[in-house]
Amino acid sequence: MNNKEYYTELSKEISYALRHAPWKYELELDEEGWVPVDQLLSALYQSEKWINITLDDVQKMISLTKKKRHELLGNKIRALYGHSTPVKISKKEAVPPKFLYHGTSIEFINLIIEKGLLPMSRQYVHLSEDTETASLVGRRKAIEPIILIINTEESRKNGVKFYRGNEKVWLSDYIPTDFISIKNF
Ligand code: HQG
(Lines give C-alpha, C1' and ligand atoms only; values in the text may rest on other atoms or scores of the structure.)
Protein backbone atom coordinates (compact mmCIF):
# COMPACT_ATOMS: atom_id res chain seq x y z
CA MET A 1 0.00 0.00 0.00
CA ASN A 2 1.41 3.42 -0.91
CA ASN A 3 0.96 6.45 1.31
CA LYS A 4 -2.12 7.76 -0.48
CA GLU A 5 -3.86 4.39 -0.34
CA TYR A 6 -2.92 4.00 3.32
CA TYR A 7 -4.55 7.31 4.26
CA THR A 8 -7.62 6.65 2.09
CA GLU A 9 -8.11 3.30 3.82
CA LEU A 10 -7.59 4.94 7.20
CA SER A 11 -10.14 7.65 6.40
CA LYS A 12 -12.69 5.00 5.37
CA GLU A 13 -12.17 2.93 8.49
CA ILE A 14 -12.38 5.95 10.80
CA SER A 15 -15.56 7.09 9.00
CA TYR A 16 -17.03 3.63 9.47
CA ALA A 17 -16.16 3.68 13.19
CA LEU A 18 -17.35 7.23 13.89
CA ARG A 19 -20.39 7.37 11.57
CA HIS A 20 -21.82 3.89 11.57
CA ALA A 21 -20.48 1.30 14.03
CA PRO A 22 -18.65 2.80 17.05
CA TRP A 23 -19.63 -0.21 19.19
CA LYS A 24 -17.52 -2.49 16.99
CA TYR A 25 -14.52 -0.43 18.17
CA GLU A 26 -15.71 -0.26 21.79
CA LEU A 27 -16.37 3.44 21.29
CA GLU A 28 -19.26 5.49 22.59
CA LEU A 29 -20.01 8.76 20.83
CA ASP A 30 -20.92 11.70 23.04
CA GLU A 31 -23.93 13.81 22.06
CA GLU A 32 -21.88 15.78 19.50
CA GLY A 33 -20.25 12.67 18.10
CA TRP A 34 -16.86 13.01 19.82
CA VAL A 35 -14.76 10.10 21.09
CA PRO A 36 -11.34 10.19 22.81
CA VAL A 37 -8.78 9.75 20.03
CA ASP A 38 -6.68 7.43 22.28
CA GLN A 39 -9.62 5.03 22.44
CA LEU A 40 -9.94 5.06 18.66
CA LEU A 41 -6.19 4.40 18.27
CA SER A 42 -6.33 1.52 20.81
CA ALA A 43 -9.18 -0.05 18.85
CA LEU A 44 -7.33 0.32 15.53
CA TYR A 45 -4.12 -1.24 16.97
CA GLN A 46 -6.09 -4.45 17.47
CA SER A 47 -6.04 -5.04 13.75
CA GLU A 48 -2.87 -6.12 11.95
CA LYS A 49 -3.47 -3.46 9.31
CA TRP A 50 -3.17 -0.54 11.74
CA ILE A 51 -0.59 -2.02 14.09
CA ASN A 52 1.81 0.90 13.51
CA ILE A 53 -0.73 3.69 13.48
CA THR A 54 0.08 6.90 15.38
CA LEU A 55 -1.81 10.06 16.22
CA ASP A 56 0.41 11.76 13.65
CA ASP A 57 -1.07 9.47 10.95
CA VAL A 58 -4.60 10.50 11.93
CA GLN A 59 -3.58 14.18 11.79
CA LYS A 60 -1.93 13.63 8.39
CA MET A 61 -4.95 11.75 7.06
CA ILE A 62 -7.24 14.64 8.00
CA SER A 63 -4.99 17.29 6.50
CA LEU A 64 -4.34 15.32 3.28
CA THR A 65 -7.98 14.43 2.61
CA LYS A 66 -9.59 16.96 0.27
CA LYS A 67 -13.04 16.50 1.73
CA LYS A 68 -13.11 17.44 5.42
CA ARG A 69 -14.86 14.44 6.98
CA HIS A 70 -13.29 14.39 10.45
CA GLU A 71 -12.35 16.91 13.08
CA LEU A 72 -9.60 16.48 15.68
CA LEU A 73 -9.73 18.83 18.64
CA GLY A 74 -7.43 18.33 21.64
CA ASN A 75 -7.79 14.67 22.66
CA LYS A 76 -11.11 14.15 20.82
CA ILE A 77 -12.10 13.19 17.29
CA ARG A 78 -15.46 13.12 15.51
CA ALA A 79 -17.03 12.66 12.10
CA LEU A 80 -18.53 15.93 10.81
CA TYR A 81 -21.46 14.34 8.96
CA GLY A 82 -22.77 11.07 7.55
CA HIS A 83 -23.87 9.40 10.80
CA SER A 84 -26.26 6.45 10.84
CA THR A 85 -25.94 5.54 14.54
CA PRO A 86 -29.23 5.16 16.44
CA VAL A 87 -28.85 8.23 18.69
CA LYS A 88 -29.06 11.43 16.64
CA ILE A 89 -25.92 13.60 16.91
CA SER A 90 -26.83 17.06 18.13
CA LYS A 91 -25.93 19.94 15.81
CA LYS A 92 -26.24 23.69 16.29
CA GLU A 93 -28.66 25.40 13.95
CA ALA A 94 -26.97 27.71 11.43
CA VAL A 95 -27.99 29.98 8.56
CA PRO A 96 -27.06 28.54 5.15
CA PRO A 97 -26.80 30.41 1.83
CA LYS A 98 -30.18 31.15 0.22
CA PHE A 99 -29.91 28.09 -2.02
CA LEU A 100 -28.39 24.68 -1.36
CA TYR A 101 -28.17 21.73 -3.74
CA HIS A 102 -28.68 17.99 -3.64
CA GLY A 103 -27.31 15.61 -6.27
CA THR A 104 -29.22 12.39 -6.74
CA SER A 105 -30.30 9.76 -9.23
CA ILE A 106 -33.33 10.12 -11.52
CA GLU A 107 -34.67 6.86 -10.08
CA PHE A 108 -35.40 8.59 -6.73
CA ILE A 109 -37.04 11.71 -8.16
CA ASN A 110 -40.66 10.55 -8.09
CA LEU A 111 -40.38 9.50 -4.45
CA ILE A 112 -38.60 12.74 -3.54
CA ILE A 113 -41.36 14.78 -5.24
CA GLU A 114 -43.95 12.76 -3.36
CA LYS A 115 -42.34 12.69 0.10
CA GLY A 116 -39.66 15.39 0.15
CA LEU A 117 -35.98 14.78 0.90
CA LEU A 118 -35.61 12.27 3.72
CA PRO A 119 -32.43 11.29 5.59
CA MET A 120 -32.99 7.64 4.51
CA SER A 121 -30.35 5.53 6.30
CA ARG A 122 -28.53 8.52 7.79
CA GLN A 123 -29.49 10.88 10.63
CA TYR A 124 -29.73 13.98 8.43
CA VAL A 125 -30.43 14.93 4.82
CA HIS A 126 -27.11 15.96 3.20
CA LEU A 127 -27.00 19.10 1.04
CA SER A 128 -24.20 20.76 -0.90
CA GLU A 129 -23.14 24.39 -0.89
CA ASP A 130 -22.54 24.46 -4.67
CA THR A 131 -23.74 22.58 -7.75
CA GLU A 132 -20.29 21.14 -8.45
CA THR A 133 -20.21 19.41 -5.05
CA ALA A 134 -23.81 18.24 -5.53
CA SER A 135 -22.79 16.76 -8.88
CA LEU A 136 -19.95 14.81 -7.29
CA VAL A 137 -22.31 13.50 -4.59
CA GLY A 138 -24.92 12.55 -7.21
CA ARG A 139 -22.34 10.77 -9.37
CA ARG A 140 -22.02 8.15 -6.61
CA LYS A 141 -25.55 7.13 -7.63
CA ALA A 142 -25.85 7.98 -11.34
CA ILE A 143 -23.65 8.81 -14.33
CA GLU A 144 -25.79 11.86 -15.03
CA PRO A 145 -27.10 13.00 -11.68
CA ILE A 146 -30.11 15.25 -11.20
CA ILE A 147 -29.44 18.40 -9.20
CA LEU A 148 -32.17 19.60 -6.86
CA ILE A 149 -32.27 23.21 -5.67
CA ILE A 150 -33.39 23.86 -2.10
CA ASN A 151 -34.80 27.27 -1.26
CA THR A 152 -33.46 27.50 2.28
CA GLU A 153 -34.82 31.00 2.89
CA GLU A 154 -38.43 29.96 2.25
CA SER A 155 -38.03 26.66 4.07
CA ARG A 156 -36.55 28.38 7.14
CA LYS A 157 -39.61 30.64 7.25
CA ASN A 158 -41.61 27.42 7.51
CA GLY A 159 -39.57 25.93 10.34
CA VAL A 160 -37.00 23.83 8.48
CA LYS A 161 -33.63 23.85 10.29
CA PHE A 162 -30.14 23.65 8.85
CA TYR A 163 -26.83 22.64 10.38
CA ARG A 164 -23.24 22.78 9.17
CA GLY A 165 -21.43 19.60 8.15
CA ASN A 166 -18.23 21.06 6.74
CA GLU A 167 -17.48 24.02 4.48
CA LYS A 168 -19.29 22.36 1.53
CA VAL A 169 -21.82 20.10 3.26
CA TRP A 170 -24.99 21.21 5.07
CA LEU A 171 -27.42 19.05 6.99
CA SER A 172 -31.15 19.21 7.60
CA ASP A 173 -33.74 16.97 9.22
CA TYR A 174 -36.16 16.92 6.31
CA ILE A 175 -36.87 19.08 3.24
CA PRO A 176 -40.54 19.25 2.22
CA THR A 177 -41.30 19.15 -1.51
CA ASP A 178 -42.55 22.76 -1.54
CA PHE A 179 -38.99 24.05 -1.24
CA ILE A 180 -37.39 21.75 -3.81
CA SER A 181 -37.02 22.47 -7.52
CA ILE A 182 -35.18 20.60 -10.26
CA LYS A 183 -32.24 22.36 -11.88
CA ASN A 184 -32.48 22.59 -15.67
CA PHE A 185 -29.30 21.87 -17.58
C1 HQG B 1 -32.14 9.71 -1.63
C2 HQG B 1 -21.03 11.26 1.04
C3 HQG B 1 -36.17 8.08 -2.06
C4 HQG B 1 -31.11 10.81 -1.74
C5 HQG B 1 -21.59 12.29 0.06
C6 HQG B 1 -29.83 10.00 -1.79
C7 HQG B 1 -22.49 13.16 0.91
C8 HQG B 1 -34.59 9.56 -1.32
C9 HQG B 1 -30.15 8.73 -1.01
C10 HQG B 1 -22.93 12.22 2.02
C11 HQG B 1 -35.59 10.31 -0.64
C12 HQG B 1 -29.43 8.64 0.30
C13 HQG B 1 -24.39 11.85 1.91
C14 HQG B 1 -36.93 9.87 -0.75
C15 HQG B 1 -33.69 11.25 -0.29
N16 HQG B 1 -37.16 8.75 -1.47
N17 HQG B 1 -34.88 8.46 -2.03
N18 HQG B 1 -37.94 10.52 -0.16
N19 HQG B 1 -35.00 11.35 -0.01
N20 HQG B 1 -33.42 10.17 -1.07
O21 HQG B 1 -25.66 8.22 0.54
O22 HQG B 1 -26.86 12.69 0.26
O23 HQG B 1 -17.87 10.87 0.71
O24 HQG B 1 -27.34 8.37 2.44
O25 HQG B 1 -31.31 11.61 -2.89
O26 HQG B 1 -20.60 12.99 -0.62
O27 HQG B 1 -26.15 10.82 -1.34
O28 HQG B 1 -19.03 9.54 2.48
O29 HQG B 1 -26.91 10.38 1.06
O30 HQG B 1 -29.48 9.66 -3.12
O31 HQG B 1 -21.89 14.30 1.42
O32 HQG B 1 -17.88 11.70 3.04
O33 HQG B 1 -31.54 8.76 -0.78
O34 HQG B 1 -22.13 11.04 1.89
O35 HQG B 1 -19.96 11.75 1.76
O36 HQG B 1 -28.07 8.39 0.03
O37 HQG B 1 -24.70 11.43 0.58
P38 HQG B 1 -26.94 8.76 1.07
P39 HQG B 1 -26.19 11.38 0.04
P40 HQG B 1 -18.60 10.92 2.01
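This passage describes the domains of a predicted model and the surroundings of its ligand.

The protein is divided into two parts, with domain 1 spanning residues 3-79 and domain 2 spanning residues 99-182. Taken over C-alpha atoms, the centres of domain 1 and domain 2 are 27 Å apart. Both domains take part in surrounding the ligand: domain 1 (3-79) and domain 2 (99-182) each give at least three residues to its shell. Turning to secondary structure, at least two shell residues come from strand 4 (99-104), and at least two come from helix 4 (109-115).

The ligand itself occupies the space of the largest pocket. Around the ligand stand 18 residues, of which K67, R69, H102, R122 and K141 are the closest. Sorted by class, this shell holds 8 nonpolar residues, alongside 6 charged and 4 polar ones.

It is worth looking at individual contacts next. In the side chain of H102, an N or O atom is 2.6 Å from an oxygen atom of the ligand. R69 likewise places a polar side-chain atom 2.7 Å from a ligand oxygen atom. For R140, the distance between a polar side-chain atom and an oxygen atom of the ligand is 2.9 Å. The ligand on its own would expose 790 Å², and the protein buries 90% of that area.

Taken together, the picture is of a ligand in the largest pocket, with a shell drawn from domain 1 and domain 2 and with polar side-chain atoms of R69 and R140 facing ligand oxygen atoms at the distances given above.

Definitions and conventions
Residues are numbered from 1 along each chain as its sequence is written. This is a predicted model: local features need pLDDT of at least 70, side-chain atom pairs count only at pLDDT 80 or more; totals for chains, interfaces and linings use all residues. Side-chain values use heavy atoms; hydrogens and water are left out. A residue is near a molecule or strand if one of its heavy atoms lies within 4 Å of it. A polar contact is a pair of N or O atoms within 3.5 Å; within protein, one must be able to donate a hydrogen and the other to accept it, and residues adjacent in sequence count only if both atoms are side-chain atoms. Accessible areas come from the Shrake-Rupley method with a 1.4 Å probe; for residues, only the protein chains shown count as cover. On a 1 Å grid over the protein atoms alone, a cavity is a set of points where a 1.4 Å probe fits but cannot get out, and a pocket is an open set with protein on both sides within 12 Å along at least five of seven lines; lining residues have an atom within 4 Å of a point. A molecule sits in a cavity or pocket if more than half of its atoms lie within 2 Å of its grid points. Helices (H or I, at least four residues) and strands (E, at least two) are DSSP runs, numbered from the N terminus. Ala, Val, Leu, Ile, Met, Phe, Trp, Tyr, Cys and Pro count as nonpolar, Asp, Glu, Lys and Arg as charged, and the others, Gly among them, as polar. Domain bounds come from an automatic or database domain assignment.
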